[in-house]
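This report goes through the model shown below, from the whole chain to single residues.

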Amino acid sequence: VGGLALLGASQYWQGKYPVYSQAIAGGGIAILYLSIFSAFSLYGLIDFYPAVGLLLLISCTSAALALRHDSVALAIIGMAGAFVAPFILSGFAEGTATDTLSGRDLQLIGYVIAVDLGVVALSTFRSWRWLTLLALVGSLASYGAWYAEYGDTASHLTSEGSLTIIFLIFVGATTLFHFIWRRAPEAYDFTLMVANASAYFGISYGLLWDDYREWMGGFTLLLSLFYGGIAYLALVRIKGHVHLALMSLGIALIFLTVAVPVQL
């Protein structure tokens, strides 16, 4: 009730005290996170998955308020809480390894993908680079934790497919804003593009090299063609700014160059 009251007060004072209202909204979000955490871990009032679902709802609320207040701080609060929540709850859950997560390896990945889709929605309307960076790091860390737990039993299709979905989501998160609003990207945007491509390339090689060695040149060639397609679309869509097209073309050429020695 206290957290919801602070959110209501932040909306009431938004016009008159915009900065103060953002601080109140952030406090309300923090109290709501703590309330769900306490209800689960301290008092046992709700089960694990309802707790995760409520925390995801709070994160969505934080994202909506971030757009309303035009506040990257609120977006980061919501995003950080969304990524940390399932791991904190798992650590406090009794019998988590056998009762809660065993045999449900896709649920954590599904949760991460759902949070990442929220990142795409936010990044489409606001070019908040720190939010995208935080989400990329959180997604890769969550994927690493998932693979450490379930990598031995999960299929290559599940492991690589999940990683590919995360990769494609952040391709959208780093390009859609510029495509839709026809804005010129900055150096930090290029850094995020390279980080996403490099992480996907490196992790994929680690996952697939032993069993699919003979196909890795073709895999790298597909990445080259993919970024070549992005370069073409950027050139057609953002005619006044060729920077995004040139950067995508540069990444494509690097993958094309790497594909040759890998295959040979």
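## Secondary structure

Helices here are DSSP runs of H or I with at least four residues, strands are runs of E with at least two, and both are numbered from the N terminus. On that basis the protein has 11 helices and zero strands. Read from the N terminus, the order of elements is α-α-α-α-α-α-α-α-α-α-α. The model is predicted.

## Overall dimensions and packing

The C-alpha trace spans about 65 × 50 × 20 Å along its principal axes. The protein has 264 residues, of which 45% are buried.

Among contacts with a separation of 6 or more, 74% are between residues 24 or more positions apart.

## Surface and charge

About 13,400 Å² of the protein is exposed, and carbon and sulfur atoms supply 70% of that area. The protein carries 10 positive and 14 negative charges, and the mean positions of these two sets are 24 Å apart.

## A nonpolar surface patch

A nonpolar patch on the surface is formed by Leu 221, Leu 222, Leu 225, Tyr 232, Leu 233, Leu 235, Val 236, Val 242, Leu 246, Leu 249, Leu 253 and Leu 256. Together these residues have about 1,100 Å² of accessible area. The elements that give two or more residues to the patch are α10 (216-237) and α11. Of the contributors, α10 gives the most, with seven residues.

Val 236, one of the patch residues, is found in helix α10. Is Val 236 buried or exposed, or does it fall in between? Its relative accessible area is 43%, so Val 236 is partly exposed, because that class lies between the limits of 20% and 50%.

## Ile 251 in helix α11

Helix α11 covers residues 243-263 and includes Ile 251. The relative accessibility of Ile 251 is 7%, so this residue counts as buried, because the limit for that class is under 20%.

Which residues does Ile 251 touch, leaving aside its neighbours within four places in sequence? The contacts of Ile 251 are then with Met 193, Val 194, Ala 197 and Tyr 227. Tyr 227 has a number that falls within the range of α10 (216-237).

For a distance across the model, Ile 251 can be paired with Ala 82. These two residues are 169 residues apart along the chain, and their C-alpha atoms are separated by 31 Å.

Note on methods: Residues are numbered from 1 along each chain as its sequence is written. This is a predicted model: local features need pLDDT of at least 70, side-chain atom pairs count only at pLDDT 80 or more; totals for chains, interfaces and linings use all residues. Side-chain values use heavy atoms; hydrogens and water are left out. Buried means under 20% relative accessible area, exposed over 50%, partly exposed in between (1.4 Å probe, protein chains only). Contact means heavy atoms within 4.5 Å. Patches are made of residues with over 30% relative accessible area and no salt bridge: like charges are joined within 9 Å, nonpolar side chains (Val, Leu, Ile, Met, Phe, Trp, Tyr) within 5 Å. Accessible areas come from the Shrake-Rupley method with a 1.4 Å probe; for residues, only the protein chains shown count as cover. A salt bridge is a side-chain nitrogen of Lys or Arg within 4 Å of a carboxyl oxygen of Asp or Glu. Lys and Arg count as positive and Asp and Glu as negative; His and the chain ends are not counted. The place of a charge is taken as NZ of Lys, CZ of Arg, CG of Asp or CD of Glu.
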